[in-house]
Amino acid sequence: MKNIVIFASGNGSNASSIHQYFQSSGRVRVVAIFCNNLQAGVLSRAHDLGIPTEVFSKAEFSEPSFVERVRSYQPDLLVLAGFLLQVPEYLVHAFPNQIINIHPALLPKYGGKGMYGMHVHRAVFEAKEPETGISVHFVNEHYDEGALIFQAKTAIAHCQSPEEIAAAVQALEHQHFAAVIDNLLTADE
């Protein structure tokens, strides 16, 4: 059995989607959700799904001893799903090529510090891009610069607002993210 630890800061729709995908797999399971926001919807979702949660502060996250909290769940993969803090170097080194992130645009476009959620969708909309998508990538010490694992595109010329773009991107996330995780975890089987 492979263990996933999800890091999230917001609503948690991707965390729910991932849990649902693996729920009856017998091969992979979500063992914990780590969250840095006490008000995040992901915490109530995790409670409803029976997934243990770990709430932490930015200060706790910056301490190298935090790695022991993560290791206690024996994760095979750390999955950032709407997680807004930069992953500290000590954690990247503790889990080399075991931390992935999903970004709501086609990297390298619209990535970097401050480019998350609606900030990305507004920028894509204002640039009148004909398409956007998702990028799943390994996490390194810099925002959105790790090696790409997977991208999926969607046409958005018909979208009349950043909110419509957000909905199209979220549909791609729910369609592909768990399958990408599955492929990563079972590639060596």
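**Exercises on a parallel sheet**

Strand β1 runs parallel to strand β2 (residues 28–35), and the two are paired over seven bridges; strands here are DSSP runs of E with at least two residues, helices runs of H or I with at least four, numbered from the N terminus, and pairing requires at least two DSSP bridges between two strands. The model is predicted, so local features need pLDDT of at least 70 and side-chain atom pairs pLDDT 80 or more, while totals for chains, interfaces and linings use all residues. Residues are numbered from 1 along each chain as its sequence is written, and side-chain values use heavy atoms, without hydrogens or water.

**Exercise 1.** Find the residue that stands opposite A8 in β2, and determine how β1 and β2 are connected.

*Solution.* Begin at A8 of β1, whose position opposite in β2 is taken by C35. C35 has a relative accessibility of 0% and therefore counts as buried (under 20% relative accessible area with a 1.4 Å probe and protein chains only; exposed is over 50%, partly exposed in between). Then follow the chain: β1, α1 and β2 form a β-α-β unit that is right-handed, a term for a path that runs clockwise from the first strand over the helix to the second when the strands point away from the viewer.

**Exercise 2.** Establish how strand β4 is joined to β1 and to β5, naming bridge partners.

*Solution.* Take β1 (residues 2–8) to begin with: four bridges link this strand to β4, and the two run parallel. Within this pairing, I4 has L77 of β4 as its bridge partner, and F7 has L80 of β4. Turning to β5, three bridges join this strand to β4, again with a parallel course, and V79 is partnered by I100 in β5. Between β4 and β5 the chain passes through helix α5 (residues 89–94), in a β-α-β crossover that is right-handed.

**Exercise 3.** Assign the side chains of β1 and β4 to their two directions, and decide whether the residues are buried or exposed.

*Solution.* The expected pattern comes from a general rule: in a regular strand, side chains alternate between the two faces of the sheet. In β1, K2, I4, I6 and A8 point one way, whereas N3, V5 and F7 point the other way, and all are buried. Because seven of the seven residues of β1 are buried, this strand is largely enclosed by the rest of the structure. In β4 (residues 77–80), L77 and V79 point one way and L78 and L80 the other, and these too are all buried.
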